Amino acid sequence: MVFAYPIIDTVSIIKQDGSVDFSLSVTAASGVAYNIEDNTLAISSSRGNEITMIDLTKQKVTKTFSPGGKTIGIVATNNKLVYHIYKKAIQVMDLTDESTRDITTENIDTAINITISGHKLYYTSYYYHTVVCCDFDGTKQWSFKDVNLLRNPYGISADNDGNVYVLGNGTKNVVVFSHDGQTKKELLSSNDGLNSAYAINFERATNHLLVATDNYKAYLYKVTGN
């Protein structure tokens with residue numbers, strides 16, 4: 001597991017027993033993306049205007065680059081990074097040559113978090129209260145908005161079956177969507193400890209859902225019946 005602490009400018013890699021493997025200093029560390037192709041992490045920065053690359057084998061920072069603005073949402077797939085540049089775009093970078101292109105520039109003047117499942121991109125738009133699914137060309141597949149069920153969506157993650165888990169910061173809940181957006185249900189609520197939750201990750205190897213809060217606590221749930 002990897003935890004990013006933007007207030008104390010730190011990224012910590014956690015062992016399975018819960019102990020800290022190692023920590024590194026990363027300015028305003030926010031989003032975390034794992035690139036399986038070379039066992040590296042890409043860490044976004046909410047105020048540092050840079051993305052930091054960490055080699056997990058060598059346990060050190062290997063590179064930093066500026067995407068042109070502050071970033072929070074970030075994800076990796078097939079040796080590519082997809083990240084949100086605040087007030088500019090959701091952008092994709094090919095890590096083999098560092099070429100970039102915009103995926104979408106719609107409603108990006110807010111906090112956006114991103115996940116990928118198959119050939120689809122899913123992202124949350126905090127102030128617009130929306131969850132959006134699009135392809136890698138930015139063509140929208142579906143969009144959801146219902147502030148009674150999901151307000152200020154923030155963290156987002158997907159499981160092996162393409163179900164998408166969204167953390168509602170304003171509604172203090174987790175809502176799960178089918179891959180096509182046709183079905184949805186509230187999975188967790190404030191009764192499950194989500195009063196100050198801000199990040200979520202579905203561990204596909206174990207079917208565990210990790211929810212982190214802004215008071216330095218994390219909750220691990222076993223998801224069944226996917």
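## A charge over a ring

The charged end of Lys70 lies over the ring of Tyr86, 4.6 Å from the ring centre. This is a predicted model.

## The four-stranded sheet

Four strands make up an open sheet. Their order is β16-β17-β18-β19, and the pairing is antiparallel. The edges belong to β16 (153–158) and β19 (184–188). Each has a single partner strand, so one side of each has no neighbour in the sheet. From one strand to the next, the twist averages 25°.

## β17 against β18

Strand β17 covers residues 164–168, and strand β18 covers residues 173–177. The two pair in the antiparallel sense over five bridges. Two of the partnerships can be named. Tyr165 has Val176 of β18 as its bridge partner. Val166 has Val175 of β18 as its bridge partner.

The two strands form a hairpin, with four residues between them. In the turn, Lys172 has a positive phi of about 55°.

## β18 against β19

On to the pairing with the edge strand. β18 and β19 pair in the antiparallel sense over four bridges. Val176 has Lys185 of β19 as its bridge partner. Val176 is also the bridge partner of Tyr165.

This hairpin has six residues between the strands. Gly181 takes a positive phi here, near 75°.

## Burial of β18

How many of the five residues of β18 are buried? Five are, so the strand is largely enclosed by the rest of the structure. Asn173, Val175 and Phe177 point one way from β18. Val174 and Val176 point the other way. Residues in both directions are buried.

Val175 and Val176 thus appear twice in this picture. Val175 is the bridge partner of Val166, and Val176 is the bridge partner of Tyr165.

## Aromatic pairs

The count of aromatic pairs comes to seven. One of them joins Tyr126 and Tyr127. Their ring centres are 5.1 Å apart and their planes stand at 80°. An angle over 60 degrees counts as edge-to-face, so this pair is edge-to-face. The two residues differ in accessibility: Tyr126 counts as buried, at 17% relative accessibility, whereas Tyr127 is exposed, with a relative accessible area of 56%.

Tyr126 also pairs with Tyr154. Here the ring centres are 5.8 Å apart and the planes are at 85°, so the pair is again edge-to-face. This pair links distant parts of the chain, 28 residues apart. Tyr126 sits in the loop between β13 (120–125) and β14 (130–134). Tyr154 belongs to strand β16, one of the edge strands of the sheet. Is Tyr154 buried or exposed? Tyr154 is buried, because its relative accessible area is 17% and the limit is under 20%.

## An aromatic cluster

Which residues do ring pairs link into a cluster? They are Tyr122, Trp142, Phe144 and Phe177. Phe177 ties this cluster to β18, where Phe177 points the same way as Asn173 and Val175. Phe177 is buried.

## The loop at Thr206

Thr206 is found in a loop between β20 (197–203) and β21 (208–213). Thr206 is partly exposed, with a relative accessible area of 34%. Val223 lies 17 residues from Thr206 along the chain. The C-alpha atoms of Thr206 and Val223 are separated by 9.0 Å.

Terms used. Residues are numbered from 1 along each chain as its sequence is written. This is a predicted model: local features need pLDDT of at least 70, side-chain atom pairs count only at pLDDT 80 or more; totals for chains, interfaces and linings use all residues. Side-chain values use heavy atoms; hydrogens and water are left out. Buried means under 20% relative accessible area, exposed over 50%, partly exposed in between (1.4 Å probe, protein chains only). Two strands pair if DSSP finds at least two bridges between them. Axes are lines fitted to C-alpha atoms, for helices over the stretch in contact, and angles run from 0 to 180 degrees between N-to-C directions. Rings of Phe, Tyr and Trp (its six-membered ring) pair if their centres lie within 6.5 Å; planes under 30 degrees apart count as stacked, over 60 as edge-to-face and the rest as tilted. A charge sits over a ring if NZ of Lys or CZ of Arg is within 6 Å of the ring centre and within 35 degrees of the ring normal.
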